[in-house]
Amino acid sequence: MDTYEYCDGIDLATAVRRAEVSAEELLQEAIARIKALNPALNCIAYYDTQAGRDSIGQASPNGPFYGVPFLLKDLSATAAGLPLGNGSRFFQGERSTEDSELVARYRRAGLVIFGTTTTPEFGANCTTEALAYGGPTRNPWDLNRSGGGSSGGSAVAVAAGIVPVAHGGDGGGSLRIPASACGLFGFKPSRMRNPTGPTGGEGWGGLAGDNVISRSVRDSAAMLDFSHGMDAGTPYAAPPFSGSFLKAAGQPPGKLRIGLITRSPSGEPVHPDCLAAAEDAAALCASLGHQVEPTDFPAAIDYERFGHAMRLIVASGMASAIRAREQALGRHATHDDLELSVFSAIEFARSHSAVEYFDSVSMMHSIGRHLGRLMGQYDVLLTPTLTEPPVELGRYAADKEYVAHRSATLKYTAFLPYFNASGQPAMSVPLYWNEDGLPIGVQFAAALGGEALLFSLASQLEAARPWFHRRPDCLVATPATVA
């Protein structure tokens, strides 16, 4: 177990199949690491040893990840019997009554689900500092900085070596943000590549979807092999894919045309470290034989209109979820139930008409058209993931009015949500660390349905500039209780 954190999920599953370790022993190791590390990191919302043992019995022994401990984000994916708090005090005490289709597929992959990870309230933030968890989730690379959001708890748990891979979601960068902040691989698939059933339709007007965050490219590829595909009654589906993402990750991508974008859509300056990371990645790609040339996001996309449209769609989704909870509890939410940004989002949503909501969705579709034409010129787009290195805790806390708060966070994440609007697959790859020892991710995006190409490129980059061995300085000396 002294090499646990240096194994990816496929490594651990291989050890179980060879009877070198048992699924129970891996579960106990993950729990020991939570007990040792979570007091400092606050990345775990809930864990249950017995639920983990029960999950071993529910996991398919034939799955590629059999015996691997796994955590779900405290939002969207449901596992029967586990809490689903949505990062909100208003949802405390809520428990899931059934497995979502995604979780059912995770169990068939052999994963041992035993807990949940922290998230900002309703996932509507780029940092994980929800009041529901009694304090902020801290970045293991610097405990005074944010590990990102909204899949922040999952990213921190993976970066700290608690689990090798964890569930997350991405409605505006929520897998890619924490991947960049924590030095991990974060992959957002094409819209509706993964299932949303049996009760969900689309998240945030099609902006949001679930996947995983991992340390190795192959874990993410193998997970998507097992999770993707239509489920019964889905409102629409991603372009069909009949191959293997894991197999694609093992094949060279060929010579690619890569468009390098370094100007932020917001017009705000990009931090020199983030520019350096993107330019370094471009140089690496060129050294691997790819053709890289500078480009820009289409000028026809109005950033201010896009920001308003995204705020309205997200606020409407939160207001709908809160109204359903109010009806279940028989009372209205108060200032004591919700953080200021979320509470004020309810009034923001209610102050706009159905016509304005429809216009916002149409705005998202127009971005897809613009980016679709741009992708006719390139195989892949390359950008910084974020406009700054991991930010200090408190910078984007949700204690501000909704429009001001979301406007500020969008400047930090400006390169990311266009690809949620278009539905394109996009990934953050950890190729660069700055002089302060902080990870700085870079983003690659492909055309709709282009996941296999991105996995192929990611594996090539991983081989050329390995990152798996990198460990947060504050956690290099693994606590004695874990070893």
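The exercises below, each with a worked solution, go through a predicted model of a protein chain.

**Exercise 1. The chain as a whole**

Find how many helices and strands the chain has, and decide why the chain can be called as compact, or not as compact, as a globular protein of its length.

*Solution.* Begin with the elements: the chain holds 15 helices and 13 strands. Next, take the radius of gyration, which is 21 Å, and set it beside the 23 Å that the globule rule gives for 483 residues; the two values are close, so the chain is as compact as a globular protein of that length. The outer dimensions can then be added, since the C-alpha atoms fill a box of roughly 60 × 60 × 45 Å along the principal axes. Turning to the inside, buried residues account for 60% of the 483 residues. Finally, consider the contacts between residues at least 6 apart in sequence: 80% of these join residues at least 24 apart.

As a last step, look at the record: UniProt, in an unreviewed entry, lists residues 25–454 as "domain: Amidase". Over this stretch the chain is 37% helix and 16% strand, and the C-alpha atoms at its two ends are 34 Å apart.

**Exercise 2. The nonpolar cores**

Work out which residues have the most contacts inside the largest nonpolar core, and which helix gives the largest share of this core.

*Solution.* The largest nonpolar core has 82 residues, and within it the most contacts belong to Phe185, Phe306, Met427, Phe444 and Phe455. Helix H10, which covers residues 303–329, provides the largest share of this core, namely 11 residues. A further core of 55 residues lies apart from it, and its members include Tyr4, Leu82, Val112 and Ala166.

**Exercise 3. The sheet of three strands**

Determine the order of the strands in the open three-stranded sheet, and explain why one side of strand E1 and one side of strand E2 is left without a neighbour in the sheet.

*Solution.* The order is E1-E3-E2, and the pairing is mixed. Strand E1 (44–47) and strand E2 (69–73) stand at the edges, and each has a single partner strand, so one side of each has no neighbour in the sheet. On average, neighbouring strands here are turned by 35° against each other, direction ignored. Now follow one pair in detail: E2 and strand E3 (residues 112–117) pair in the parallel sense over five bridges, and Pro69 stands opposite Val112 in E3. To complete the picture, helix H3 (residues 49–58) lies across E1 and E3 and runs at about 145° to E3.

**Exercise 4. The sheet of eight strands**

State which strands are the edge strands of the open eight-stranded sheet, and find which helix touches E6, E7 and E8.

*Solution.* First write down the order, E6-E8-E7-E12-E13-E11-E9-E10, in which the pairing is mixed. The edge strands are E6 (165–170) and E10 (291–294), each of which pairs on one side only. Neighbouring strands of this sheet are turned by 25° against each other on average, direction ignored. The helix is H7 (residues 217–227), which packs on the sheet by touching E6, strand E7 (185–188) and strand E8 (209–214), with a direction that makes about 150° with that of E8. At the other edge, strand E9 (residues 257–260) and E10 pair in the parallel sense over four bridges, and the bridge partner of Gly259 in E10 is Glu293.

**Exercise 5. A helix that is largely enclosed**

Explain why helix H4 is described as largely enclosed by the rest of the structure.

*Solution.* Count the buried residues: six of the eight residues of H4 (residues 101–108) are buried, so the helix is largely enclosed by the rest of the structure. By name, these are Leu102, Val103, Ala104, Arg105, Tyr106 and Arg107. The surroundings come next, for the buried residues of H4 pack against H3, E2, E3, E6, E8 and H7. Just after H4, Gly110 takes a positive phi of about 100°.

**Exercise 6. One histidine**

Is His228 buried or exposed, and which residues is His228 in contact with beyond its neighbours within four places in sequence?

*Solution.* Locate His228 first, in the loop between H7 and helix H8 (245–249). The cut-off for a buried residue is under 20% relative accessible area, and His228, at 17%, therefore counts as buried. Leaving aside the neighbours within four places in sequence, His228 is in contact with Arg105, Arg193, Asn194, Phe241 and Phe245. One of these, Arg105, is among the buried residues of H4.

Notes:
Residues numbered from 1 in each chain as written. Predicted model: local features only at pLDDT ≥ 70, side-chain atom pairs only at ≥ 80, totals over all residues. Heavy atoms only, no water. UniProt positions renumbered as here; feature names shortened; annotations may be inferred. Core = buried A, V, L, I, M, F, W, Y, C linked by side-chain atoms within 4.5 Å. Buried < 20%, exposed > 50% of the residue type's maximum accessible area, 1.4 Å probe, protein only. Pairing = 2+ DSSP bridges. Axes fitted to C-alpha atoms, helices over the stretch in contact; angles between N-to-C directions. Contact = heavy atoms within 4.5 Å. Rg over C-alpha atoms; globule rule 2.2 N^0.38 Å.
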